[in-house]
Amino acid sequence: MSLDLLLDSLPGEPVRVAHAGPSGVALWRVAIALDAALDSRCFAMLTADERQHAERFLRHEDAARFAAVRAALRVLLARLLGCTPHELVLTRDAHGRPQLASGAAALDFNVSHSGGYGLIALSTVGRVGVDIEQRRADFDWRAVAALTLDHAEQVALAACATPAAQNHAFYDSWVAKEALLKAAGVGVVEGLHIAPLTPRTSEQVAWCAAARARWPEFAAAWVAMPDGYAACVAWSERL
C-alpha cells in the first residue's frame, strides 16, 4: 500500500500547521477519532508492542489518542525517510520520549496529544519539542502553581483581569514550558517552574533570564489551534 493511501486511511489526515519557527521544523495536527477501534484498518501499521501499549490504557479514548498519533507519526516518518511505516523501529529515551532506534542523522521528532487532537513535530535542523493541551474551563491553576510557576509568573497570572484570562494565560505558559523541556530532553517531573517566561505578547515565546541562560540555543513559538486548545513548539539550532 502506498504512503498516500496509508495517510488517507488514518481517522483524521494530518494537517500541516504554520508556525513561527525555522523552515526545517514541520508541524502536523492530527484529528483523533476517539471511538476508533484498535483493530481498525487505520492502525494497521502499528507493531504488536504498540498495540499492547494502547490496550493497557484504562480509557478507550486514551488508547485511541496514542494509536492515532503513533500511526500518523509512522506514516510521516516513513514518507520523510523513504521507507515503509512497518520498517521503522521506534524506542523511548529515559523520559519516555519516542525516538528512532537507528538514530537517523539530522532528524528529530516529538509528539503530544490532548482531547481530540494530536501534534507531531519533525525537525531536520535541531532538537524539537511540542505540546498541546485542551483548556479546561474549571481548572484551578493555583492548585499547581508552586510546581509550574515561579513567583513572578504567579503574580502576573493573578493580575489578569478575569478568571478566564488567568486560565488562558496559564495554559499558554504550560504548553510553552513543556515544549521546551521536551526539546531539551529534560523530564517534566523536574518542575515546569525551572523554565519561567514573560507574559505573552506575540507568537514568539519570551523566556526570562534564568531560562535563556540555561537553554540559550532553544526558542519557541505558540501555535494556532482550534478553539479550546493551547499548543507550542520549541526547537534548537542543532541536534
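The questions and answers below concern the sheets, helix packing and empty spaces of a predicted model.

Reader: In the open sheet with the order β1-β2-β6-β5, which strands stand at the edges?
Author: The sheet has four strands in the order β1-β2-β6-β5, with antiparallel pairing. Two of these strands have a single partner strand each, so one side of each is left without a neighbour in the sheet. The strands at the edges are β1 (15-17) and β5.

Reader: By how many degrees are neighbouring strands of this four-stranded sheet turned against each other on average?
Author: The pairing in the sheet β1-β2-β6-β5 is antiparallel. The average turn between neighbouring strands ignores direction, and its value is 25 degrees.

Reader: Which residue in β6 is the bridge partner of Trp 28?
Author: Strand β2 (residues 25-31) runs antiparallel to strand β6 (residues 117-123), and seven bridges join them. Trp 28 has its bridge partner in β6, and that partner is Ile 120.

Reader: Which are the edge strands of the open sheet of three strands?
Author: This sheet has the order β7-β9-β8, with antiparallel pairing. An edge strand here pairs on one side only, which applies to β7 and β8 (218-222).

Reader: What is the average turn between neighbouring strands in the sheet β7-β9-β8?
Author: The sheet is open and its pairing is antiparallel. With direction ignored, its neighbouring strands are turned against each other by an average of 15 degrees.

Reader: Which residue in β9 does Ala 220 stand opposite?
Author: β8 pairs with strand β9 (residues 229-236) in the antiparallel sense, over five bridges. Ala 220 stands opposite a residue of β9, namely Ala 234.

Reader: At about what angle does α6 run to β7?
Author: The strands β7, β9 and β8 form an open sheet in that order. Helix α6 lies across β7, β8 and β9, and its angle to β7 is about 150 degrees.

Reader: Are α5 and α6 roughly parallel or roughly antiparallel?
Author: The axes of helix α5 (residues 151-158) and helix α6 (residues 163-184) come within 9 Å and cross at roughly 150 degrees. Angles over 145 degrees count as roughly antiparallel. Therefore α5 is, with respect to α6, roughly antiparallel.

Reader: How do the residues of the contact of α5 with α6 divide by class?
Author: On the α5 side the contact has Glu 153, Leu 157 and Ala 158; on the α6 side it has Gln 166, Ala 169, Phe 170, Ser 173 and Lys 177. By class, these residues are four nonpolar, two polar and two charged.

Reader: Which element gives the most to the lining of the largest pocket?
Author: About 600 Å³ of space lies in this pocket. Its lining has 29 residues, and Val 111, Ser 112, His 113, Glu 178 and Lys 182 lie nearest its centre. Two or more lining residues come from each of α3 (60-81), β5 (108-114), β7 (128-134) and α6. With six residues, the element that gives the most is α3.

Reader: How many residues of the lining of the largest pocket are nonpolar, polar and charged?
Author: The pocket is lined by 29 residues. They divide into nine nonpolar, 10 polar and 10 charged.

Reader: Which element gives the most to the lining of the second largest pocket?
Author: This pocket holds about 260 Å³ of space. Of its 15 lining residues, Leu 157, Ala 169, Thr 198, Pro 199 and Arg 200 lie nearest the centre, and 10 of the lining residues are nonpolar, two polar and three charged. α5 and α6 each supply at least two residues. The greatest contribution, four residues, is made by α5.

Reader: Which helix gives the largest share of the lining of the largest cavity?
Author: A search of the whole structure finds one cavity of 30 Å³ or more, and about 30 Å³ of space lies in the largest cavity. Leu 38, Leu 46, Glu 50, Arg 51, Ala 54 and Ala 67 line this cavity, with four nonpolar, no polar and two charged residues by class. The largest share of the lining is three residues, from helix α2 (residues 48-55).

Notes
Residues numbered from 1 in each chain as written. Predicted model: local features only at pLDDT ≥ 70, side-chain atom pairs only at ≥ 80, totals over all residues. Heavy atoms only, no water. Axes fitted to C-alpha atoms, helices over the stretch in contact; angles between N-to-C directions. Parallel < 35°, antiparallel > 145°, perpendicular 65-115°, else oblique. Contact = heavy atoms within 4.5 Å. Nonpolar A, V, L, I, M, F, W, Y, C, P; charged D, E, K, R; others polar. 1 Å grid on protein atoms, 1.4 Å probe; cavity = no way out; pocket = protein on both sides within 12 Å on 5 of 7 lines; lining within 4 Å. Points joined across faces, edges and corners; volume = space filled by probe spheres on them. Pairing = 2+ DSSP bridges.
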